[in-house]
Amino acid sequence: MRVTDLQIYPVKSLAGDRVDEAVVEPWGLEGDRRWALVDEAGEKVTAREEHALLGLRAEQIDEDTIRIHDRDGQSIPVETPLGLGPVPVSHARQGFASPADEDVNWWIAERVGRPLRLVWQEDPAVRRVSGAHGGQDGDVLSLADAGPLLLTSRASLTRLREWIGAEWAQEDPDLSMLRFRPNVVIDGDEPFAEDGWSTVRLGGVEFRTAETCDRCVMATIHPEELVSGKEPTATLARHRRWDGKTWFGTRLVPMGSGSLRVGDEVAPGLPTLSP
């Protein structure tokens, strides 16, 4: 098995940046989801509520700068906030984050259609992985929902496509993996084999599996058309539903540091009990 794709999402809920190499930090891939959007009251805003966010794409330019692009070819650079006081945010176990310059907020608001504020997580070491999501003492994460990294398998996606069948294939022939917003995609073993891995080594970096990933409405949003449907969640619910949720992919916690590269070998560790 090999790593086939690496994806970094500098801004939570925006389209991300496909890369050939990424640095692994304790809270995830370097630059991943250190930025997020909140409303005027500090409540987090994601593409679950505002599908238009997926029509914007963020890329990491350097250590201190990202650039956000729209689909009309326009873009705006965003510098890491310096000297700006933190503002309250509703992200669980976060509390406060630093705001971007106001011109950036206006640029985003014009394209989404509502006032929004872009905020930056200065210190990801302060946000703990919840024990409800497999967190252990010392596990930390960015502004991602529940875990530092998400791994998905092409073999599992192929099986899901087979389950969905020909009718769905006409509607969305690619059933893009981007619907699941993974950081790491592998070429796979048996479909859903990743459910049973207690650990996995990607290249030279060891990871612990925190949990199988429960899927939200994000997977039903077409990444290009930005409209919601029933699939693939409806089919997942028929085949992979337990504890009242549907499941696809695994959340990983780094057990070391290093770099990941497309083409790195994937070596699963000892199996765990099936869910």
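## Exercises on strands, a helix and two buried side chains

Strand β3 (residues 21-25) pairs with β4 in the antiparallel sense, over two bridges. Keep in mind as you work that this is a predicted model.

**Exercise 1. Find the bridge partner of V24 in β4, then place the two strands in their sheet.**

Step 1. Start from the pair itself: V24 has L29 as its bridge partner in β4.

Step 2. Now widen the view. The strands β4, β3 and β19 form an open sheet in the order β4-β3-β19, and the pairing is antiparallel.

Step 3. Look at the edges: these are β4 (28-29) and β19 (258-261), each of which pairs on one side only.

**Exercise 2. Work out which strands pair with β1, and how well β1 is covered.**

Step 1. Take the cover first. Strand β1 spans residues 3-8, and five of its six residues are buried, so we can call the strand mostly covered, given that buried means under 20% relative accessible area.

Step 2. Turn to one partner, strand β14 (residues 184-186). This strand and β1 pair in the antiparallel sense over three bridges. For a residue to click on, try V3: its bridge partner in β14 is I186.

Step 3. The other strand to look at is β2 (residues 17-19), which runs antiparallel to β1 and is joined to it by three bridges. Here I8 has D17 as its bridge partner in β2.

**Exercise 3. Describe the sheet that contains β8, and say what packs on it.**

Step 1. Write down the order. The open sheet has three strands, β7-β8-β9, with antiparallel pairing.

Step 2. Ask which strands stand at the edges. They are β7 (57-62) and β9 (75-79); each has a single partner strand, so one side of each is left without a neighbour in the sheet.

Step 3. Add the twist, which averages 25° from one strand to the next.

Step 4. Zoom in on one pair. Strand β8 (residues 65-69) and β9 are antiparallel and pair over five bridges, and the partner of H69 in β9 is S75.

Step 5. Bring in the helix: α1 packs on this sheet and touches β8 and β9, with its direction at about 145° to that of β9.

**Exercise 4. Is W107 buried or exposed, and which residues does it contact?**

Step 1. Locate the residue: W107 belongs to helix α1 (residues 102-112).

Step 2. Check the accessibility. W107 has 10% relative accessibility, and the cut-off for buried is under 20%, so W107 counts as buried.

Step 3. List the contacts, leaving aside neighbours within four places in sequence: L56, I68, H69, D70, Q74, S75 and I76. Two of these may look familiar, as H69 and S75 are the bridge partners from Exercise 3.

Step 4. Finish with a distance. W107 and W120 are 13 residues apart in sequence, and their C-alpha atoms are 17 Å apart in space.

**Exercise 5. Find out which side chains make polar contacts with the side chain of E211.**

Step 1. Place E211 in strand β16 (residues 205-214).

Step 2. Decide on burial: with 15% relative accessibility, under the 20% cut-off, E211 counts as buried.

Step 3. Gather the contacts beyond four places in sequence, which are A132, H133, A146, T250 and R251.

Step 4. Pick out the polar ones. The E211 side chain makes a polar contact with the side chain of H133 at 2.7 Å, and another with the side chain of R251 at 2.5 Å.

Conventions. Residues are numbered from 1 along each chain as its sequence is written. This is a predicted model: local features need pLDDT of at least 70, side-chain atom pairs count only at pLDDT 80 or more; totals for chains, interfaces and linings use all residues. Side-chain values use heavy atoms; hydrogens and water are left out. Buried means under 20% relative accessible area, exposed over 50%, partly exposed in between (1.4 Å probe, protein chains only). Helices (H or I, at least four residues) and strands (E, at least two) are DSSP runs, numbered from the N terminus. Two strands pair if DSSP finds at least two bridges between them. Contact means heavy atoms within 4.5 Å. A polar contact is a pair of N or O atoms within 3.5 Å; within protein, one must be able to donate a hydrogen and the other to accept it, and residues adjacent in sequence count only if both atoms are side-chain atoms. Axes are lines fitted to C-alpha atoms, for helices over the stretch in contact, and angles run from 0 to 180 degrees between N-to-C directions.
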